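Visitor: Could you walk me through this one while I have it open? I'd like to jump around a bit and ask about whatever catches my eye.

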Amino acid sequence: MDDDLVKIDDIDRKIIDLLNEDGRMSYRNISRILDVSVGTVHNRVEKLVKKGVIKKFVPVIDHSKLGYKLTAIIGVKVKGGVLRNWETRTAYHKNVLAVYDVTGEFDAILIGKFKDTGELDSFIKGLLSEGDVQRTYTQTVLNIVKEDMTSTKMIGD
């Protein structure tokens, strides 16, 4: 598993941080900020993409601006032997942002965004009507204190 680890240095980390701040920032602007050549920035970004450190370049969407103001964390208990198939199907539901295999009382945790409690209720009832789902446990998020899937802060020196 450690064979898949990619070593990055301070320049790589700073490039990632700048792209996290503004994914449309030009290589020329990054090179000026970091005092390195444009070619260096280009090569570093290409390496980070090729190695899978940067998976893709996408906008970060504020779902609440689109009417999805309710975030729910949903634990799901699934019948034995069908978890992987169930997760694959469920991952494509429009409200589901994340699906995690977990240890403990539940088999999977879903993170979803919903317009209101009615939409959440309909989603949960839909889950419970599936033959593979044994039970669910839902928590609604009151306040989002931190939600940052782009952080590089955990990357050590």
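Visitor: Let's start with Thr90: buried or exposed?
Guide: Thr90 is buried, because its relative accessible area is 6% and the cut-off for buried is under 20%. Do keep in mind that this is a predicted model, and that holds for everything we discuss here.

Visitor: Where does Thr90 sit, then?
Guide: Thr90 belongs to helix H4, which covers residues 83-91.

Visitor: And which residues is Thr90 in contact with, leaving aside its neighbours in sequence?
Guide: Once the residues within four places in sequence are set aside, Thr90 is in contact with Val96, Leu110 and Leu127.

Visitor: What about Asp121, where is that?
Guide: Asp121 is part of helix H5, residues 117-129, and it counts as partly exposed, since its relative accessibility is 38%, a value that falls between the limits of 20% for buried and 50% for exposed. In space, the C-alpha atom of Asp121 is 10.0 Å from that of Thr138, with the two positions 17 residues apart in sequence terms.

Visitor: Changing topic, how is the chain divided into domains?
Guide: The protein chain is split into domain 1, residues 10-51, and domain 2, residues 63-141. Taken over C-alpha atoms, the centres of domain 1 and domain 2 are separated by 36 Å.

Visitor: What does UniProt list for residues 8-69?
Guide: The UniProt entry, which is unreviewed, gives "domain: HTH asnC-type" for residues 8-69. In the model, that stretch is 53% helix and 0% strand, and the C-alpha atoms at its two ends lie 37 Å apart.

Visitor: OK, helices. At what angle do H1 and H3 pack?
Guide: Helix H1 (residues 10-21) and helix H3 (residues 38-50) pack at about 85°, and their axes are 10 Å apart, so the two helices are roughly perpendicular to each other.

Visitor: Which residues make that contact between H1 and H3?
Guide: From H1 the contact involves Ile11, Asp12, Ile15, Ile16 and Leu19, and from H3 it involves Val41, Arg44, Val45, Lys47 and Leu48. Sorted by class, the contact of H1 with H3 comprises seven nonpolar and three charged residues, with no polar ones.

Visitor: And how far apart are the axes of H2 and H3?
Guide: For helix H2 (residues 27-34) and H3 the axes are 8 Å apart, and the packing angle is about 110°, which means that H2 is roughly perpendicular to H3.

Visitor: Which residues of H2 and H3 meet?
Guide: On the H2 side they are Tyr27, Arg28, Ile30 and Ser31, and these meet Val38, Val41, His42, Val45 and Glu46 of H3. By class, the contact of H2 with H3 has five nonpolar residues, together with two polar and two charged ones.

Visitor: What lies in the loop between H2 and H3?
Guide: Asp35 is one residue in that loop, and it is exposed, because its relative accessible area is 71% and exposed means over 50%. The backbone of Asp35 also deserves a look: its phi is near 60°, a positive value in a residue other than glycine.

Visitor: Last one, where is Asn143?
Guide: Asn143 is in the segment that follows strand E4, residues 133-140, and it is exposed, with a relative accessible area of 63%. Asn143 and Thr71 are 72 residues apart in sequence, while their C-alpha atoms are 9.1 Å apart in space.

Notes
Residues are numbered from 1 along each chain as its sequence is written. This is a predicted model: local features need pLDDT of at least 70, side-chain atom pairs count only at pLDDT 80 or more; totals for chains, interfaces and linings use all residues. Side-chain values use heavy atoms; hydrogens and water are left out. UniProt positions are given in the numbering used here, feature names are shortened, and annotations may be inferred rather than shown by experiment. Helices (H or I, at least four residues) and strands (E, at least two) are DSSP runs, numbered from the N terminus. Buried means under 20% relative accessible area, exposed over 50%, partly exposed in between (1.4 Å probe, protein chains only). Domain bounds come from an automatic or database domain assignment. Axes are lines fitted to C-alpha atoms, for helices over the stretch in contact, and angles run from 0 to 180 degrees between N-to-C directions. Angles under 35 degrees count as roughly parallel, over 145 as roughly antiparallel, 65 to 115 as roughly perpendicular and the rest as oblique. Contact means heavy atoms within 4.5 Å. Ala, Val, Leu, Ile, Met, Phe, Trp, Tyr, Cys and Pro count as nonpolar, Asp, Glu, Lys and Arg as charged, and the others, Gly among them, as polar.
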